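Reader: I am new to protein models and would like to learn how to read one. Could you take me through it step by step?

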Amino acid sequence: MAAERAPGRIAAQNRKARHDYLIEDTLEVGIMLAGTEVKALRQGSASIGEAYAGESAGELYLFNAYIPEYEAANRFNHQPRRPRKLLLHRREMNRLLGQIRREGVTVVPLAFYFNERGLLKVELGLARGKKKADRRAAEKARDWRREQARLMREKG
């Protein structure tokens, strides 16, 4: 999924999301930010490890994403953990909200990145929580693939 998106500079990544959740689908959306937030993201110091998307007043918002204050902004700075509105088409929003309400799906941000036009985009993942046994099975499969690759390299 990540290889399909346009190459851009990654501002923040949620690496643990693929370990903790089974990602069923990914989606690229925009986000409403203040100017100081964009400047702080260009410095690459954001954290989206605990962030999630949820509904508020019929819209989709990103909660608990940490974008630190921009040092050169003086008194016009932003709040680091404020809810940020996600920008997506009404049909996509209704589909996501329906899945969140009905099926127990969580929407987690996988990455913040700047596209080729310089706009910040958010890669969202529709996720279901993994159980401990699922995590172990995924780790075992990953180790086996690594072992297979090593054996194939040694043979030929």
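Author: What follows is a conversation about the overall fold, the core, one helix, one strand residue and a cavity.

Reader: Where should I begin, and how many helices and strands are there in the protein?

Author: Begin by keeping in mind that this is a predicted model. The protein has four helices and seven strands, and reading along the sequence gives the pattern β-α-β-α-β-β-β-α-β-β-α. Along its principal axes the C-alpha trace spans about 60 × 40 × 25 Å. Of the contacts with a separation of 6 or more, 67% are between residues 24 or more positions apart.

Reader: What share of the residues is buried, and which residues have the most contacts inside the largest nonpolar core?

Author: The general idea is that in soluble globular proteins nonpolar side chains tend to be buried together. In this structure, buried residues make up 37% of the 156 residues. The largest nonpolar core has 28 residues, and those with the most contacts inside it are Leu41, Leu60, Leu86, Leu88 and Phe112. At least two residues of this core come from each of strand E1 (9-13), strand E2 (21-31), helix H2 (35-42), strand E4 (59-63), helix H3 (90-103), strand E6 (106-114) and strand E7 (120-129), and the largest share, four residues, is supplied by E7. Apart from this core lies another one, of five residues, among them Ala17, Ile23, Val108 and Leu110.

Reader: How do I read a helix such as H2, and which of its residues are buried?

Author: For a helix, it helps to ask where its buried residues point. In H2 these are Thr36, Glu37, Ala40 and Leu41, and they lie on the same side of H2 because they cover an arc of only 140° around the axis. The buried residues of H2 pack against E1, strand E5 (84-87), E6 and E7. After H2 comes glycine 44, whose phi is positive, near 80°.

Reader: Is glutamate 37 buried or exposed, and what does it touch?

Author: Glutamate 37, which has its place in helix H2, counts as buried because its relative accessible area is 0%, and buried means under 20%. Leaving out residues up to four places away in sequence, glutamate 37 touches Met32, Ile67, His78, Gln79, Arg82 and Arg84. Leucine 41, with its neighbours within four places in sequence set aside, is in contact with Arg9, Ala11, Leu33, Ala46, Ile67, Phe112, Phe114 and Leu120.

Reader: How does a residue in a strand compare, and which residues does leucine 60 touch?

Author: The same questions can be put to a strand residue. Leucine 60 is found in strand E4 and is buried, with a relative accessible area of 0%. Not counting residues up to four places away in sequence, leucine 60 touches Ala53, Gly54, Glu55, Arg84, Lys85, Leu86, Leu88, Met93, Leu96, Leu97 and Ile100. Leucine 60 and proline 83 are 23 residues apart in sequence, and their C-alpha atoms are 9.8 Å apart in space.

Reader: Finally, how is empty space found, and which residues line the largest cavity?

Author: Rolling a probe the size of a water molecule over the atoms shows where empty space is left. A search of the whole structure finds one cavity of 30 Å³ or more, and the volume of the largest cavity is about 30 Å³. Asp25, Thr26, Leu27, Leu96, Val107, Leu124, Gly125 and Leu126 line this cavity, with E2 and E7 as the elements that give two or more residues to the lining. By type, the lining residues divide into five nonpolar, two polar and one charged.

How values were computed:
Residues numbered from 1 in each chain as written. Predicted model: local features only at pLDDT ≥ 70, side-chain atom pairs only at ≥ 80, totals over all residues. Heavy atoms only, no water. Core = buried A, V, L, I, M, F, W, Y, C linked by side-chain atoms within 4.5 Å. Buried < 20%, exposed > 50% of the residue type's maximum accessible area, 1.4 Å probe, protein only. Contact = heavy atoms within 4.5 Å. Arc of directions from axis to C-beta. 1 Å grid on protein atoms, 1.4 Å probe; cavity = no way out; pocket = protein on both sides within 12 Å on 5 of 7 lines; lining within 4 Å. Points joined across faces, edges and corners; volume = space filled by probe spheres on them. Nonpolar A, V, L, I, M, F, W, Y, C, P; charged D, E, K, R; others polar.
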